[in-house]
Amino acid sequence: MEKRVGLRTAVRMALAGVTGIGVCTTGIAVAQDEVAVQEKVTVTGSRIKRVDVEGPQPVTVISREEIDGSGNLNVADVLRKTTYNTFGSQSQQSGNTSQSLNSINLRGVGADKTLVLVNGRRLAGYAAEQGTVQNLTLIPLAAVERIEVLRDGASAIYGTDAIAGVVNIITRKDYEGVHLSADWGRPTQNGGDEDAYSITGGVSGAKGNVTFAFDSQQRDLVFDADRSFSSEGASALGYPSSYFAYLGTGDPRNPTGGFLPLGIFADPRCPEEAGSDPDYPYSFEDAFPGGEGICRYNFASTSATIADNDTKSFFVNADYDITENTTFYAQGLFSHNESFGRYAPAPVFGVVWSQDTPNNPTNPANPTNADGQPFAGQQFEFDTDGDGVNDFQVEGPFDLSVLYRNVPTGPRDSTFEDTLVDYVAGVEGTVDWLGGMDWQLGANWSRQSTTDKGRGFVLGPSLNTAIENGELDIFGVQDASLASIQE
């Protein structure tokens, strides 16, 4: 029996067949695309490339989306606020000998045992720490694609500086287009304002890509006085000074034959309360056992706890396919950072004022200081056997150990300049030998320099000499105009 099919039915069947083929073809195309994006990557803590970052080592990946969502403006803050960072990491601390350093410390083992890599390669270490720590300040956040944190030791692969773990910062590549970013941070209290600006761009061709990023970050000082928890700090080395009186072992007035401490006494100009005297606004007298008192200085009124940073960075990454299996790559990172910190005026240790010094204030022949007020502590009575009755009395002069802060020269200011230059270039590819192998040949040149300039610091031996020979009366100094202070 012959069966005829109408035109409408035939067309419907033909369309259904075409549609079915189209759906099948589309499904094949999607599957092919999914396979294509599974590019092999080198996972931190392993030399073997695989199609996923999951491996035998405990690696945590911080994606670009997570970085943007964190609200942090630099790499240091992103890493320090993770749960893997513990005690011992450093931020830009004002007055520190490594003031501009931002580091990370995995598992509390030490920042020098936490290795920081960029694209799996070492950067030059922070110069002020003898190159044992990498400075996160100099890595531009705009250039970062993701951050891999190896939470376990990897000294077998990377060496002893990776005992605590590894942080591998992966930079962007194969980027197309231009992206502009601006971020601001304004704390509710004074100080610590943040500004960050960046531009990221890239151009791709048939055989290669160039990706670049410029990053600018600024963070202002935070003074101790601007925070309630750090606004008070009383130092025993004050201005005006205090002195510790004693008799040496060879003094004929000393009945003990040994070192005999007598007591601590403050300069009579020291105000009773902080802020009560405009000449000494941050000084106050405090009771001290065995003496008339001690003149303390609130160093927190002057010092900053967080230094400011001004960082400019430029990053460029390029690759070009020489052949189907061989690629040339090059990378450059250039960063410059300026950091300013302020610390309280310098305390001076080890200054000894001999009893033979003409202007020794405990000498009865010179019973007044510079402003004519009588100095206390020129006579001492002692109960050596503990029976409640003073056994002997001794009068000055006495040897003095001076508790002095050099306020006339102003606060100690430190300015750090850090520069990082890092170049990488090479070729890499694959060959079909022995079932397929990856190869790479490259060179890396990295240099970091740090310059520290200080102002307001004191040379203790020179000051001690000036006091002993009478050139400088530290109890009469009001400002830095004296020639002896200038010297």
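These legends go with a set of close-up views of a predicted model.

**View 1. The disulfide between C270 and C295**. Search the whole structure and you get one disulfide. The two sulfur atoms, from C270 and C295, sit 2.1 Å apart. C270 belongs to the loop between strand 14 (260–266) and strand 15 (283–286), while C295 is in strand 16 (residues 294–298), so the pair links distant parts of the chain, 25 residues apart. If you like dihedrals, here's one: the torsion about the S-S bond is about 85°, so this disulfide is right-handed. Both ends are tucked away from the probe: C270 is buried at a relative accessible area of 5%, and C295 is buried at 0%.

**View 2. Y423 and W445, a tilted aromatic pair**. The count of aromatic pairs comes to 10. In this one, the rings of Y423 and W445 are 5.9 Å centre to centre, with 35° between the planes. That angle makes the pair tilted, because stacked needs planes under 30 degrees apart and edge-to-face needs over 60. Y423 comes from strand 25 (residues 412–431) and W445 from strand 26 (residues 437–455), and the two are 22 residues apart. Neither ring residue is buried: Y423 is partly exposed, with 42% relative accessible area, and W445 is partly exposed at 47%. Widen the view and F314 and F334 join Y423 and W445 in one aromatic cluster.

**View 3. A nonpolar surface patch with Y320, I322 and F328**. Together these three residues offer about 280 Å² of accessible area. Y320 sits in strand 18 (residues 308–321). Its relative accessibility is 43%, which puts Y320 in the partly exposed class.

**View 4. N168 and two backbone nitrogens**. N168 is part of strand 7 (residues 165–171) and is buried, at 5% relative accessible area. What does the side chain of N168 reach at 3.4 Å? That would be the backbone nitrogen of N119. There's another contact to look at here: a polar atom of the N168 side chain lies 2.9 Å from the backbone nitrogen of G120.

**View 5. The salt bridge between D161 and R122**. The closest N and O atoms of this pair are 3.1 Å apart. D161 lies in the loop between helix 4 (155–158) and strand 7, and R122 in strand 5 (residues 121–122), so the bridge ties together parts that are 39 residues apart in sequence. Buried or partly exposed, which is it for D161? D161 is partly exposed, with a relative accessible area of 23%. R122 is partly exposed too, at 37%.

**View 6. Other salt bridges**. The model has 16 salt bridges by count. One of them joins the side chains of K113 and D112, at 3.3 Å from N to O. K113 is partly exposed, with 26% relative accessible area, and D112 is partly exposed at 31%. Another brings together R146 and E148, at 3.0 Å from N to O. Here E148 is buried, with a relative accessible area of 0%. For something more connected, look at D77, R80, E194 and R219, which are linked in a network of salt bridges.

Technical notes. Residues numbered from 1 in each chain as written. Predicted model: local features only at pLDDT ≥ 70, side-chain atom pairs only at ≥ 80, totals over all residues. Heavy atoms only, no water. Patch = residues over 30% accessible without salt bridge, like charges linked within 9 Å, V, L, I, M, F, W, Y side chains within 5 Å. Areas by Shrake-Rupley, 256 points an atom, 1.4 Å probe, with all protein chains shown as cover. Salt bridge = Lys/Arg side-chain N within 4 Å of Asp/Glu carboxyl O. Helix = DSSP H or I, 4+ residues; strand = E, 2+ residues; numbered from the N terminus. Buried < 20%, exposed > 50% of the residue type's maximum accessible area, 1.4 Å probe, protein only. Disulfide = S-S within 2.5 Å. Phe/Tyr/Trp six-rings, centres within 6.5 Å; stacked < 30°, edge-to-face > 60°. Polar contact = N/O pair within 3.5 Å; in protein donor to acceptor, adjacent residues only side chain to side chain.
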